[in-house]
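Please work through the following exercises with the sequence and the coordinates at hand. Each task is followed by a solution in steps.

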Amino acid sequence: LFLSFACLIVSTTFAQTVPTTNWSTEANTLWYNDATSFTLSTPQELAGLAVLVEGGNKFVGKTIVLGADIDLGAHLFSPIGKTVALTFSGTFDGNNHTISNGFIVTPAGAFTGFFGQATDATIKNLKFNNLYVRGKDSSGGIAGGLMRSTVTDCHVTGLDLSAELGANIGGI
């Protein structure tokens, strides 16, 4: 009973500080070029990845490596890949780093998670701590939707997840 109460307090405390601004306004895409591997180490660079995928770059044949632990708590984070057409299809190697304090909120949309939609993707070696995810449908901590994708050695702790329709929802 005590553990359940402690988890409720942690979840509620985390949920009360939902930011109103979005990382996409501070996105950095200057790291992107014709290379096949990229190391991202800042929240602005991660936001840049989301912006590039939303713009139609699926990252097929490309690898993203996380170069540091990243705290996303200052702003809302837009999912990487928002639809089946605008999907992430590369490799994301978390390099055993942790992404913490992520607020991912798409109340009117499906495919809500750090990756909104990943297709033919590989996601590996990634840790999340304190994720707040709110969507309409198809929501999860790591991904809202996965098609023909592989997720290995990934962990989520402190997940506060809700989907309005309550359908297609999962911790990972």
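The exercises below concern a helix, a nonpolar core and the salt bridges.

The model is predicted, so local features need pLDDT of at least 70 and side-chain atom pairs count only at pLDDT 80 or more, while totals for chains, interfaces and linings use all residues. Residues are numbered from 1 along each chain as its sequence is written, and side-chain values use heavy atoms, with hydrogens and water left out.

**Exercise 1. Determine how α2 is covered.**

Step 1. Helices (DSSP runs of H or I, at least four residues) and strands (runs of E, at least two) are numbered from the N terminus. α2 has 12 residues and reaches 17 Å from its first C-alpha to its last.

Step 2. Buried means under 20% relative accessible area, exposed over 50%, and partly exposed in between (1.4 Å probe, protein chains only). In α2, 9 of the 12 residues are buried, among them Leu-46, Leu-49 and Ala-50.

Step 3. The cover over these buried residues includes β1, β2, β3 and β4.

**Exercise 2. Identify the residues of the largest nonpolar core that touch the most other members.**

Step 1. A nonpolar core is a set of buried Ala, Val, Leu, Ile, Met, Phe, Trp, Tyr and Cys residues joined through side-chain atoms within 4.5 Å.

Step 2. The largest such core has 33 residues, and Leu-46, Leu-49, Phe-88, Phe-92 and Phe-114 touch the most other members. α2 supplies the largest share, 6 residues.

Step 3. Contact means heavy atoms within 4.5 Å. Leaving aside neighbours within four places in sequence, the contacts of Phe-92 include Leu-46, Leu-49, Ile-64 and Phe-114.

**Exercise 3. Locate the salt bridges and state the exposure of Glu-54, Lys-82, Arg-134 and Asp-160.**

Step 1. A salt bridge is a side-chain nitrogen of Lys or Arg within 4 Å of a carboxyl oxygen of Asp or Glu. The structure holds 3 of them.

Step 2. Glu-54 and Lys-82 meet at 3.3 Å, N to O. This pair links helix α2 to the loop between β3 and β4, with the two positions 28 residues apart in numbering. Glu-54 is partly exposed at 38%, and Lys-82 is partly exposed at 29%.

Step 3. Arg-148 and Asp-120 form another salt bridge, the closest N and O atoms being 2.9 Å apart.

Step 4. Arg-134 and Asp-160 pair at 2.8 Å, N to O, Arg-134 lying in strand β6 and Asp-160 in strand β8. Arg-134 is partly exposed at 21%, whereas Asp-160 is buried at 12%.

Technical notes:
Expected span 1.5 Å × (residues − 1).
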